[in-house]
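Here is a short set of exercises to work through with the model open beside you. Try each task before reading its solution.

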Amino acid sequence: MAVYEGESRTWYQAFEIVVQSMTTTGYGQDAPWESLWMNVLMVLIQVTGIAYIAVAIPQFITPWLRQVVQPAPPAETEAVADHVVIIGYSDNCERLVDELGANGTPHVVLEGETERAQTLHEAGLTVVHRDPSTAAGLEAARLGDALAVVVDATERELIRAVLAIERYEPTATVLVLVADPSDARYFRYAGIDEVISLKHRLGKALGDKVRDVVTLDIEEDADFEAAFDIVEYHVDPGSDLFGETVASTRRLEQTGATVLGAWIRGDFVTILPERVRVDENTSLLIAGTESELNGVAKRTGTPGSHYREIGDPVIVVGTGLVGTTAAGTLIRAGLETTVVDTAPAERVDVVGDATEEETLLEAGIRDARTLILALDTDERAILTTLTARALNPELDIIVGANATSSVAVLHTAGADDVLALPNVAGRMVTLRIFEHETMTLGDRLRVARVSAPALAGEELSAADIRLETGCTVIALDRDGTFFSTPDGMELQPTDVLVVSGTGRQVRTFRTRYGNGRAS
């Protein structure tokens, strides 16, 4: 001011001017200025002050406020037992957490990265911010009291955490999820109970959805097939059954029909689990008369589709790990399989873009019974589904999706079944943790007519038979007349039961209650 305005100021008065600029409180006694250069200087000071504010708020003030409003995740969990510890949480674990919450099993996410722990904590997960590769971290998550440990190694290297678990809690049940099957061997070397390759498992689930699960082991002259039908039902989200346990679907048997089993994320189970919930991808296999199945349709909110044995050919689109596994499952099951991919390879039968009509026509889409899509992006899967449905309205389309958000879109596009990777991971781990038995490739659910002379003169109890043999009683055949609700009826020596079960279960029934096939 002494140079440009002809008025001098002391150092503390100059300091006051700077503070007034930075705080935007004004200048009072000194404004306005007369000279150009003094005004330029004051403008620069003002702009600098605003810039400092713009930098200070997001860098310092906002983090401080966030810490005050949203406290950091705890370094240890409260008293908890029979919980599941999750290490390396990713999107693949989202469905698992939902499943655990639905059946009342607590979870603890053990996370060593500060920012990630904070994000998961803010998302409402139970988080312990400790290093999972240390004894202190494992103790903070109360690993010794846990039901199981799930290590998601699909996105991060977590071998140190696994070795720490084996060292400090060698008796813990550990399940490891991997993206690359070649990584599985290292975890097995470390002594892990089960290593699961998610994409390999998704491919197997897609292939298993195609294979036959029911074999009618009934004489041609029997009237069962005329009186009864087997139908597969999804459950509508508006139904009272949606969100309930799969075991609770036994209530459908109040209609007189019989629940034979359920598809749960690509696994077919005959023992309906108590800890798994019905969702949009759960389907029930039910036997009954026409009137009984009409009652089931009203309860599930869906018309159902008549079960049919899968025929050839099947088209598989995609030769990544998912597609290759699905195709291999089908070939081992003896089904004619045509593989389509954009690049030539040893097992590729048709080279081309499956979103184009020409490619699908060359693969035989008009005559195909089933199409499996195992593509690298969900967008391509949607386009291929639309194209295939237009070319063959009767085609069964089964899709492997990368994201859960794509499931509804793919159904709208025309897919009959959609298995999303995170959903398959969650259900599969849930089944493993709670030790639910699933059918293997060689298993079939047999519907058979069996005599039971050991039960003659006794009142029939379907629940006791299921408990003792695993078989489900579908009907009682008395001189050609079928009774679909035979509970409480006194069995006569000539009565024949129609039951469902695996080959082993049917053999157990015959060993316990009688020998040989019914005539």
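**Exercise 1. Where is D223 found?**

Solution. D223 sits in the loop between β7 (214-217) and α9 (224-227). Helices (H or I, at least four residues) and strands (E, at least two) are DSSP runs, numbered from the N terminus. This is a predicted model, in which local features need pLDDT of at least 70 and side-chain atom pairs count only at pLDDT 80 or more, while totals for chains, interfaces and linings use all residues. Residues are numbered from 1 along each chain as its sequence is written, and side-chain values use heavy atoms, with hydrogens and water left out.

Next, take the accessibility: D223 counts as partly exposed because its relative accessibility is 43%. The cut-offs are under 20% relative accessible area for buried, over 50% for exposed, and partly exposed in between (1.4 Å probe, protein chains only). Finally, look across the chain: the C-alpha atoms of D223 and F482 are separated by 8.6 Å, although the two are 259 residues apart along the chain.

**Exercise 2. Examine the salt bridges of D477 and D495, and say what each pair ties together.**

Solution. Start with the term: a salt bridge is a side-chain nitrogen of Lys or Arg within 4 Å of a carboxyl oxygen of Asp or Glu. The whole structure holds 15 salt bridges.

Step one: D477 meets R449 in a salt bridge, at 2.7 Å from N to O. D477 belongs to strand β20 and R449 to strand β19 (residues 445-451), so this pair ties together parts that are 28 residues apart in sequence. D477 is buried, with a relative accessible area of 7%, and R449 is buried too, at 9%.

Step two: D495 forms a salt bridge with R478, and their closest N and O atoms are 2.6 Å apart. D495 lies in the loop between β21 and β22 (496-501) while R478 is in strand β20, so the pair ties together parts that are 17 residues apart in sequence. D495 is buried at a relative accessible area of 6%, and R478 counts as buried at 17% relative accessibility.

Step three: stay with strand β20, where A475 is also found. A475 counts as buried, with 0% relative accessibility. The C-alpha atoms of A475 and V496 are 8.7 Å from each other, and these residues are 21 residues apart along the chain.

**Exercise 3. Which residue forms a salt bridge with E253, and which residues are linked with E111 in a network?**

Solution. The partner of E253 is R250, with the closest N and O atoms 2.8 Å apart. E253 is partly exposed, with a relative accessible area of 23%, whereas R250 is buried at 19%. As for the network, E111, E113, R116 and R156 are linked by salt bridges.

**Exercise 4. Describe how two pairs of helices pack.**

Solution. Two packed helices are described by the angle between their axes and the distance between the axes. Axes are lines fitted to C-alpha atoms, for helices over the stretch in contact, and angles run from 0 to 180 degrees between N-to-C directions.

Take α3 (residues 94-102) and α15 (residues 421-433): their angle is about 45° and their axes are 7 Å apart. The two helices are therefore oblique to each other. Now take α16 (residues 462-469) and α17 (residues 503-513), which pack at about 110° with axes 9 Å apart. α16 and α17 are therefore roughly perpendicular to each other. For these words, angles under 35 degrees count as roughly parallel, over 145 as roughly antiparallel, 65 to 115 as roughly perpendicular and the rest as oblique.

**Exercise 5. What is the phi of D82, and what is the phi of D479?**

Solution. Most residues other than glycine have a negative phi. D82 has a positive phi, near 55°, and D479 also has a positive phi, near 55°.

Now place them. D82 is in the loop between α2 and β1 (84-87) and is exposed, with a relative accessible area of 52%. D479 lies in the loop between β20 (472-478) and β21 (481-483) and counts as exposed at 66% relative accessibility.
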